[in-house]
Amino acid sequence: MLNIVIFGAPGSGKGTQSAKLVEKYGLKHLSTGDILRNEIKADTELGKLADSYMSKGHLVPDELVIDILDNLIGKHRDAKGFIFDGFPRTLAQGEALGKMLEKHGEAIDAVLSLEVEEEELIDRLLKRGQISGRADDNRETIESRLKVYHAQTEPLKEFYRTRGTLKNIEGVGSIDDIFGSIEKEIDRLEK
Ligand code: B4P
């Protein structure tokens, strides 16, 4: 199995590069952002709760997301591997992911961190906001998401660096060039 975390600030290209990873390597894509947005669309209880956090640019509570992921990993045990997109986002989620995979004799093989400077992130998200209609792609919420990223998510880089799985990827450039750098890292793992 190949288990990859695609990591980065909001707007760093996680969703974009995940789609290419799925296409090339046939891994199961688990995007907590997509899962939560689907719950909001379906107007479920979980969706209503998630919306109250996401629309402000805050993180949904750890126990909710951890529970969702734990169930999905169990359900897709026949997968060739997983792409974790937007998860983990806190140290607690990082610890939990390690334990969830360990239950199945698995571990994280690589954490691909897409490196993009702040100005470019804001620019991309404002652009997406003009077409996506996503409730969290407006200036105020983007600023809050970036603050939350620095405070709660960025410490995971050190967490994975000490475990030897962190790989920094230049996240500015054409989508195909960035994917080329990702392919190189994955091919190295498969050798
Ligand atoms: P996510 O859905 O994960 O949203 P995101 O951080 O904005 O990343 P996304 O994948 O959408 O954007 P991408 O960089 O691909 O999370 C949304 C919210 O859900 C969070 O704020 C939080 O509230 C909640 N949530 C999710 N997971 C959670 C968890 N684990 N715990 C708690 N809460 C959680 O793309 C951005 C834009 O850039 C696109 O328009 C794209 O076209 C463009 N782009 C991509 N690559 C580019 C490139 N190379 N050049 C130019 N533009 C590019």
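# Questions on a predicted model

Student: In this predicted model, how many of the 5 residues of E3 are buried?

Tutor: Strand E3 covers residues 81-85. The rest of the structure largely encloses E3, because the buried residues among its 5 number 4.

Student: In what order do the 5 strands form the open sheet?

Tutor: E3 pairs with strand E1 (residues 2-8) in the parallel sense over 5 bridges. E3 is also joined to strand E2 (residues 28-31) by 4 bridges, again running parallel. On the other side of the order, strand E4 (residues 110-115) pairs with E5 over 5 bridges, also in the parallel sense. The pairing in the open sheet is parallel, and the order is E2-E3-E1-E4-E5.

Student: Which strands stand at the edges of the sheet?

Tutor: A strand at the edge has a single partner strand, so one side is left without a neighbour in the sheet. In the order E2-E3-E1-E4-E5, the strands in that position are E2 and E5 (166-170).

Student: By what angle are neighbouring strands of this sheet turned against each other on average?

Tutor: The angle ignores direction and is an average over neighbouring strands of this sheet. Its value is 20°.

Student: Which helix packs on the sheet, touching E4 and E5?

Tutor: E4 and E5 pair in the parallel sense, with Leu-112 opposite Lys-167 in E5. The direction of the packing helix makes about 155° with that of E5. The helix, which covers residues 175-190, is H9.

Student: Which residue of E3 stands opposite Ser-31?

Tutor: E2, which spans residues 28-31, and E3 run parallel. The residue in E3 opposite Ser-31 is Asp-85.

Student: Is Leu-21 buried or exposed?

Tutor: Leu-21 sits in helix H1. Leaving aside neighbours within four places in sequence, Leu-21 is in contact with Ile-4, Leu-27, Ile-83 and Ile-182. Two of these contacts, Ile-4 and Ile-83 in E3, stand opposite each other. Because Leu-21 has 22 C-beta neighbours inside 10 Å and the cut-off is 20 or more, Leu-21 counts as buried.

Student: Which residues come nearest to the ligand?

Tutor: The shell around the ligand has 27 residues, and these divide into 10 nonpolar, 11 polar and 6 charged. Those that come nearest are Gly-13, Gly-15, Thr-32, Gly-33 and Gly-86.

Student: How far apart are the farthest two C-alpha atoms among the residues that UniProt lists for "binding site"?

Tutor: The unreviewed UniProt entry lists residues including Thr-32, Arg-37, His-58, Gly-86, Pro-88 and Arg-145. The listed residues span 114 residues in sequence and do not all gather at one spot, because the farthest two C-alpha atoms are separated by 24.5 Å.

Student: Which residues does Thr-32 contact, leaving aside its neighbours within four places in sequence?

Tutor: Thr-32 lies in helix H2. With 23 C-beta neighbours inside 10 Å, Thr-32 is counted as buried. Its contacts beyond four places in sequence are Val-65, Gly-86 and Phe-87.

Student: What kind of peptide bond joins Phe-87 and Pro-88?

Tutor: Pro-88 is in the loop between strand E3 and helix H5 (91-103), and it is buried, with 26 C-beta neighbours inside 10 Å. Beyond four places in sequence, Pro-88 touches Gln-93, Gly-94, Leu-97 and Leu-156. Most peptide bonds are trans. Between Phe-87 and Pro-88, omega is about 0°, and the bond is cis.

Student: What is phi of Asp-43 near?

Tutor: Asp-43 lies in the loop between H2 and H3 and is exposed, with 9 other C-beta atoms within 10 Å. Most residues other than glycine have a negative phi. Asp-43 has a positive value, near 55°.

Student: Which residues does Leu-126 touch, not counting those up to four places away in sequence?

Tutor: Leu-126 belongs to helix H6, one of the elements that give two or more residues to the shell around the ligand. Leu-126 counts as partly exposed, with 14 C-beta neighbours inside 10 Å. Its contacts beyond four places in sequence are Arg-139 and Ile-142.

Technical notes: Residues are numbered from 1 along each chain as its sequence is written. This is a predicted model: local features need pLDDT of at least 70, side-chain atom pairs count only at pLDDT 80 or more; totals for chains, interfaces and linings use all residues. A residue is near a molecule or strand if its C-beta atom, placed from the backbone, lies within 6 Å of it. Ala, Val, Leu, Ile, Met, Phe, Trp, Tyr, Cys and Pro count as nonpolar, Asp, Glu, Lys and Arg as charged, and the others, Gly among them, as polar. A residue is buried if 20 or more other C-beta atoms lie within 10 Å of its own, exposed if 12 or fewer, and partly exposed in between; C-beta atoms are placed from the backbone. Two residues are in contact if their C-beta atoms, placed from the backbone, lie within 7 Å. UniProt positions are given in the numbering used here, feature names are shortened, and annotations may be inferred rather than shown by experiment. Two strands pair if DSSP finds at least two bridges between them. Axes are lines fitted to C-alpha atoms, for helices over the stretch in contact, and angles run from 0 to 180 degrees between N-to-C directions.
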